[in-house]
Amino acid sequence: MAPVEQDALAVREQLFHERVRECIICALLFASLYILCHFIITHFKKHTDFTAVHDDEDAAVNRIALGLCTFTLAVALGAVLLLPFSIISNEVLLSFPQNYYIQWLNGSLIHGLWNLVFLFSNMSLVFLMPFAYFFTESEGFAGSKKGIMARVYETSVVLLLLTLLVLGMVWVASAIVGNDAASRQSLYDLWEYYLPYLYSCISLFGVLLLLLCTPFGLSTMFTVTGKLLVKPRLLEDLDEQLSCTRFEEAAVSHRIRSGKASCWLNLDMEMLREQFFAIRSKRRKLELRHRASPWQRNLGYPLAMLGLLALTGISVLIVCFHVLELLLDDAAMPRGIQDASLGQVSFSIFGSFGAALQVVLIFYLMLSSVVGFYSSPLFTRLLPERQDTPLTKIIGNCVSLLVLSSALPVFSRTLGITRFDLLGDFGRFNWLGNFYIVFLYNMGFAGLTTLCLVKRVSWAVQAELIRAFGLHKLPLPVTRCRTRSKPC
């Protein structure tokens, strides 16, 4: 064999081994995410929906739908970890460029992970989750033999009709937006135009949802932190409050035990019980604060609040700086690339510290968006409950989390949180090249976050000062009108 042919064969063999290695790594990563998501869903699912006591067929259908939900949640978790994993991989390759044990971490693997997440996100949102919902609600066509296959046939027909309806709506929308010959010619290409355009619309909806949920979630996290941690109180005697609460609880308990029969007994007893439960709840909170160490009471809460303030402030400053860059330099616009050149330059001007800060901010904004999503009045009913979440609610949660998480890379790059450009089909969204959309999006995030932050912090400081000086115990002034009309 000629030397040239040997070299070509060696190159092909190396490419084959690299592709096999990438497939094994992707399979192991996704299997780990799937197992983790299985335990998470098992923690929340309603066990009566999956037992074969009432109907063996329904239990089997629910288990199949649960597997699809676990797959979707694993894809959502993978979309959350996609951008941080890429940033960390770049910094590792920069720090150890010639290390033999990390040669498997290359641009081809990262690019493949981005393509897989994009593909699985499309599959889950367009096919798997609608199939899971219709599959659990189906009963088979009238007159057909009952069984799982009858449900599969009915679900497939309904899903086909829904797909035709959605594709028709996308065709009309794209024809209205792009009324030219090239646009109409591309409408007949399903894989290259329909699905990316549909996912672009879903991604735009997810990014807008992140814009609305994240500032609300940032302000909600301050309240949640205050409830979970022991807050220090200024100018108060905790021992005296606890003693008074115990005496008050004992007095109310004695009145309940020694109540005399009368025509008003039921009403009095009901009011006394409500008062007793309220006092007992107050006493338990005071005991919890009393048992807390001085370090936990006086240092834990301030450090947590300062950490939240610092992360929120840094996010707003980065977005404001990105707004200035958008006005001065076109390179600040988010864009997509097809080749991931890792290990050449850091994506932060502060090096590894800046990259670590970017990863922390990405996770913080995702957590804030999830908190804001479940705290909003529109989606509060979707909040899962431990061991008591029905399957339809699990499907709704998986779809919502996938929409939020799949929009996270675009969200982070649009706001300038990271300089890592969007890989694969994530950079093909049409609206990413619109300067006005990107500029207004950055301004909206900075304005809403600043407004929520100032409002939450100012109210918290005002409430603490009023409580510290005892002004909350003063009676409210009653104003009366001197006119002959109705009193104020």
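Okay, let's start with two helices, α2 and α10, which run roughly antiparallel to each other. This is a predicted model, by the way, so keep that in mind throughout. The packing angle between α2, residues 56–95, and α10, residues 352–375, is about 170°, and their axes sit 10 Å apart. Anything over 145 degrees counts as roughly antiparallel, so that label follows for this pair.

Who makes the contact? On the α2 side we have Val80, Leu81, Leu83, Pro84, Ile87, Ile88, Glu91 and Ser95, and α10 brings Ser352, Ala355, Gln358, Val359, Ile362, Phe363 and Met366. Sorted by class, that contact of α2 with α10 comes to eleven nonpolar, three polar and one charged residues.

Let me zoom out for a second. The protein has 13 helices and two strands. Of its 488 residues, 39% are buried. And if you take the contacts with a separation of 6 or more, 80% of them are between residues 24 or more positions apart.

Now the core. The largest nonpolar core has 85 residues, and the ones with the most contacts inside it are Trp114, Val410, Phe411, Phe420 and Phe426. Which helix gives the largest share of this core? That's α2 again, with 16 residues. As background, nonpolar side chains in soluble globular proteins tend to be buried together.

Two of those core names, Val410 and Phe411, take us to α12, because both are on the list of buried residues of that helix. How many of the residues of α12 are buried? Eight of the eight, so α12 is largely enclosed by the rest of the structure. The list isn't purely greasy either: alongside Leu408, Pro409, Val410, Phe411 and Leu415, it includes Ser412, Arg413 and Thr414. Right after α12 comes Gly416, with a positive phi near 80°.

Stay with Phe411, since there's an aromatic story here. Searching the whole structure turns up 15 aromatic pairs. One of them is Phe411 with Tyr441: ring centres 6.2 Å apart and planes at 85°, so we call it edge-to-face. Phe411 belongs to α12, residues 408–415, while Tyr441 belongs to α13, residues 435–468, so this pair ties together parts that are 30 residues apart in sequence. Both rings belong to buried residues, Phe411 and Tyr441 alike. Elsewhere, Phe30, Tyr34, Phe71 and Phe120 make up one aromatic cluster.

Phe71 shows up again in the surroundings of Ser124. Ser124 is in α3, residues 107–137, and its relative accessibility is 0%, so it counts as buried. Leaving out residues up to four places away in sequence, Ser124 touches Phe71, Thr72, Val75, Met129, Pro130 and Leu402.

Last stop, a couple of loop residues. Is Asp330 buried or exposed? Exposed, with a relative accessible area of 68%. You'll find Asp330 in the loop between α9 and β1. Its C-alpha is 9.0 Å from that of Phe435, even though Asp330 and Phe435 are 105 residues apart in sequence.

Then there's Gln387, in the loop between α10 and α11. Its phi is near 60°, which is a positive value in a residue other than glycine. Gln387 is partly exposed, at 28% relative accessible area.

That's my tour, thanks.

Key
Residues numbered from 1 in each chain as written. Predicted model: local features only at pLDDT ≥ 70, side-chain atom pairs only at ≥ 80, totals over all residues. Heavy atoms only, no water. Axes fitted to C-alpha atoms, helices over the stretch in contact; angles between N-to-C directions. Helix = DSSP H or I, 4+ residues; strand = E, 2+ residues; numbered from the N terminus. Parallel < 35°, antiparallel > 145°, perpendicular 65-115°, else oblique. Contact = heavy atoms within 4.5 Å. Nonpolar A, V, L, I, M, F, W, Y, C, P; charged D, E, K, R; others polar. Core = buried A, V, L, I, M, F, W, Y, C linked by side-chain atoms within 4.5 Å. Buried < 20%, exposed > 50% of the residue type's maximum accessible area, 1.4 Å probe, protein only. Phe/Tyr/Trp six-rings, centres within 6.5 Å; stacked < 30°, edge-to-face > 60°.
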